[in-house]
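Let's take a walk through this fold, strand by strand. Have a look at the model below, then read on.

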Amino acid sequence: QLQASGGGLVQAGGSLRLSCAISGRTFSGHSISWFRQAPGKEREFVAVITWSGGSTYYADSVKGRFTISRDNAKNTVYLQMNSLKPEDTAVYYCARYDSGSYYYINSYNYWGQGTVVTVSS
């Protein structure tokens, strides 16, 4: 099970840290990603971190502003979001990567329930 939290309302230029709490052995060894879905738009890839934490990849739109990290001892993946923009407003989801491209939603079989991030201008 994946449980996302930490969303909220923030002004442009502000910061938020999202958390994805992971439970269950089915997640051991898997990369974890964050996706987001803005109103009226398709769900899009944001960032991914491998199980060891040794590799991370980001969407161009968040590169340099967002940082993904994980603490396997706490079974938690984080998304630190800085310099937030109104276009970052979306529901943010964490998901377990299974196979295929990191960028496609069909590569993921387990999804959290989402947490809402609203960035005001």
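## A patch on the surface

Let's start on the outside: Tyr-57, Tyr-103 and Tyr-104 make a nonpolar surface patch of about 380 Å². Patches are built from residues with over 30% relative accessible area and no salt bridge, joining like charges within 9 Å and nonpolar side chains (Val, Leu, Ile, Met, Phe, Trp, Tyr) within 5 Å. A salt bridge here is a side-chain nitrogen of Lys or Arg within 4 Å of a carboxyl oxygen of Asp or Glu. Areas come from the Shrake-Rupley method with a 1.4 Å probe, and for residues only the protein chains shown count as cover.

Tyr-104 sits in the loop between strand S9 (90–97) and strand S10 (108–111). Tyr-104 counts as exposed because its relative accessibility is 57%; exposed means over 50%, buried under 20%, and partly exposed in between.

## Where the numbers come from

This is a predicted model, where local features need pLDDT of at least 70 and side-chain atom pairs count only at pLDDT 80 or more, while totals for chains, interfaces and linings use all residues. Residues are numbered from 1 along each chain as its sequence is written, and side-chain values use heavy atoms, leaving out hydrogens and water.

## Arg-36 and its contacts

Is Arg-36, in strand S4 (residues 32–37), buried or exposed? Arg-36 counts as buried, because its relative accessibility is 6%. Its side chain makes a polar contact of 2.7 Å with the side chain of Glu-44, and another of 3.0 Å with the side chain of Tyr-92. A polar contact is a pair of N or O atoms within 3.5 Å; within protein, one must be able to donate a hydrogen and the other to accept it, and residues adjacent in sequence count only if both atoms are side-chain atoms.

## Two hairpins in a row

Strands are DSSP runs (E, at least two residues), numbered from the N terminus, and two of them pair if DSSP finds at least two bridges between them. S4 and S5 run antiparallel, joined by five bridges, and Ile-32 has Ile-49 as its bridge partner in S5. Their hairpin has six residues between the strands, with Gly-40 in the turn at a positive phi of about 75 degrees.

Strand S5 (residues 44–49) is mostly covered, with five of its six residues buried. S5 also pairs with strand S6 (residues 56–58), antiparallel and over three bridges. Gly-53, in the hairpin of S5 and S6, takes a positive phi near 80 degrees.

Notes: Helix = DSSP H or I, 4+ residues; strand = E, 2+ residues; numbered from the N terminus. Buried < 20%, exposed > 50% of the residue type's maximum accessible area, 1.4 Å probe, protein only.
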